[in-house]
Structures are given as C-alpha cells and as structure tokens.
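Colleague: I have a structure to discuss with you. Can you take me through it?

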Amino acid sequence: MHLDHGPHATAVSADAHRPDGSRRALRIGLGGPVGSGKTATVAALCRELRDTLSLAVVTNDIYTREDAEFLLRQAVLPPERIQAVETGACPHTAIRDDISANLEAVEDLEEAVGPLDLILVESGGDNLTATFSKGLVDAQIFVIDVAGGDDIPRKGGPGVTTADLLVINKTDLAPYVGSDLERMARDAKEQRGELPVAFTSLTTGDKVKPVADWVRAQLASWTGPVTV
Ligand SMILES: Nc1nc2c(ncn2[C@@H]2O[C@H](COP(=O)(O)OP(=O)(O)OP(=O)(O)O)[C@@H](O)[C@H]2O)c(=O)[nH]1
Ligand SMILES: [Mg+2]
C-alpha cells in the first residue's frame, strides 16, 4: 500500500533496491495516442517474455477496466499479475502528476506476486504531450501508428522526442493509408537524434520482436553490476 504521495513518490523509484539488497522490478511505461496499439503491444510482450521473466502489468483507463479485461480475456498472464487503475480524469494526470494510484498498483503487485523482473505500465490513450513521471517508471516507450498520419514524428512533442523508445506501429497499414515510412523514419531521427525507433506490425513479420529485444537490453543493464 502506498500512502505518502509527496516527496516519497520520487524516492520510490530512486531507491531501486528491495530491503534484501536485490534490485526491484524494472518499470517500463507505455504511452501514446488512443488506439495506437499500446494494449496490443503489452499483450504481445507478455506472450514473448512470460516464459523467461517474472512480469506483471498495470493498465490505466479513464472510466473502465477495458484494457485489463482484454488482457485477462487473452490470458496473456495469470489474473493476479494484471492490475487496472481507473484514472477518472485525463490519463496523463495519473502517470505524470498524481502518480499515487499507479505507484500503489506496482507496489501491490510486487508484494502480491513478487519478486518480479519487469512491470509494464500502460497509460490511457492521450495526446502527444503525455509522458510518465520518472518517479513512476524507469524507462518509457511511446507508441504511435502509421494510420494516425505520417506527419506525427515531424510534429514532435515530448513523447516523440524524449521517450526512451519510439514505436511506430501498424506498418502493415501504411499502403492503405498512404503513409510514407521512410519519411517517418527521417523525421523521427531528426527529432530524436540517437534515441531508438522501432517500426512494428503486430499482425505481420517480426511482430513485437524489436520491442521485446529492446526490453531485454534494458533489463540486462538494469540487473547488471550495481555501481555505487
Ligand atoms: N493492422 C494492425 N492493427 C493493429 C496493430 N496493432 C494494434 N492493432 C489494432 O488497433 C486497435 C487498437 O489497439 P489497442 O492495442 O487497443 O490500442 P491502444 O493504444 O491500447 O488503445 P487505447 O488504450 O484505447 O488508447 C485494435 O483493434 C488492435 O487490434 C497492428 O500492428 N496492425
Ligand atoms: Mg489500451
């Protein structure tokens, strides 16, 4: 249970160790516009990683538990590893400003089913300005899709420019919506410099593999030797 929502909120993430000295679970946030494929990416990541890692998921919806219910129906993880947060307001408030309900959910999961290697936190769909508080997650993925318009990377915004990984999803739809993937790659590079970009289609080809590989690399450095 997380009760102190003040300065303690950042201390939780800053103190990345459990009382026994082991590292707590790596927390990765997934944000991005409505319908870009966040839940589908979370579901695919669970299927890809669940055999080798101990993981859990927190979903955020404004008034419902729909994303959690989708993941439960798909049986991507045992039910006790999926928690829903009903934000009741703008999704970005619950992941950036008052993160208490989300912190409580991740801490409850660690307590109930831990020790965990990884917790994925899906934000409710929001606009291009939504980012996670560093007090809630250790790294963030911003998911956009080619059907939202190939000018989205050029438009920038904190999600596109600063997320630790930018995922450009639904590449299978590019020919149908007239999106120019090379232009999206060029614009993303211009906005992000050396920060990575993954093009995915969850229905064809490598599916979620580029994202799963990135998550594994994050975990490798998270659990690597601790430098004090
Ligand atoms: N064609 C295609 N459809 C996809 C892909 N990824 C997701 N979808 C579909 O896009 C729709 C929205 O996907 P979700 O994963 O629910 O999107 P979301 O970002 O979680 O949506 P919100 O949580 O409501 O913001 C669903 O019908 C998915 O099946 C993809 O790579 N290709
Ligand atoms: Mg969703």
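Colleague: What percentage of the 228 residues in the protein is buried?

Modeller: This is a predicted model, where local features need pLDDT of at least 70, side-chain atom pairs count only at pLDDT 80 or more, and totals for chains, interfaces and linings use all residues. Residues are numbered from 1 along each chain as its sequence is written, and side-chain values use heavy atoms, without hydrogens and water. Buried means under 20% relative accessible area (1.4 Å probe, protein chains only). Buried residues make up 50%.

Colleague: What is the radius of gyration of the protein?

Modeller: It is taken over C-alpha atoms; the globule rule is 2.2 Å times the number of residues to the power 0.38. For 228 residues that rule gives 17 Å, and the protein comes close to it, so it is as compact as a globular protein of that length. The radius of gyration is 17 Å.

Colleague: At what angle do the axes of α2 and α10 cross?

Modeller: Helices are DSSP runs (H or I, at least four residues), numbered from the N terminus. Axes are lines fitted to C-alpha atoms over the stretch in contact, with angles from 0 to 180 degrees between N-to-C directions. Helix α2 (residues 38-49) and helix α10 (residues 209-222) have axes that come within 10 Å. They cross at roughly 65 degrees.

Colleague: Which residues in α10 are met by Thr-41, Leu-45, Glu-48 and Leu-49 in α2?

Modeller: Contact means heavy atoms within 4.5 Å. Those four residues of α2 meet Val-211, Ala-212, Val-215 and Arg-216 in α10.

Colleague: What share of the contacts with a separation of 6 or more comes from residues 24 or more positions apart?

Modeller: The count covers contacts in the protein with that separation. Residues 24 or more positions apart account for 78%.

Notes
Chains lettered and ligands numbered in written order. Helix = DSSP H or I, 4+ residues; strand = E, 2+ residues; numbered from the N terminus.
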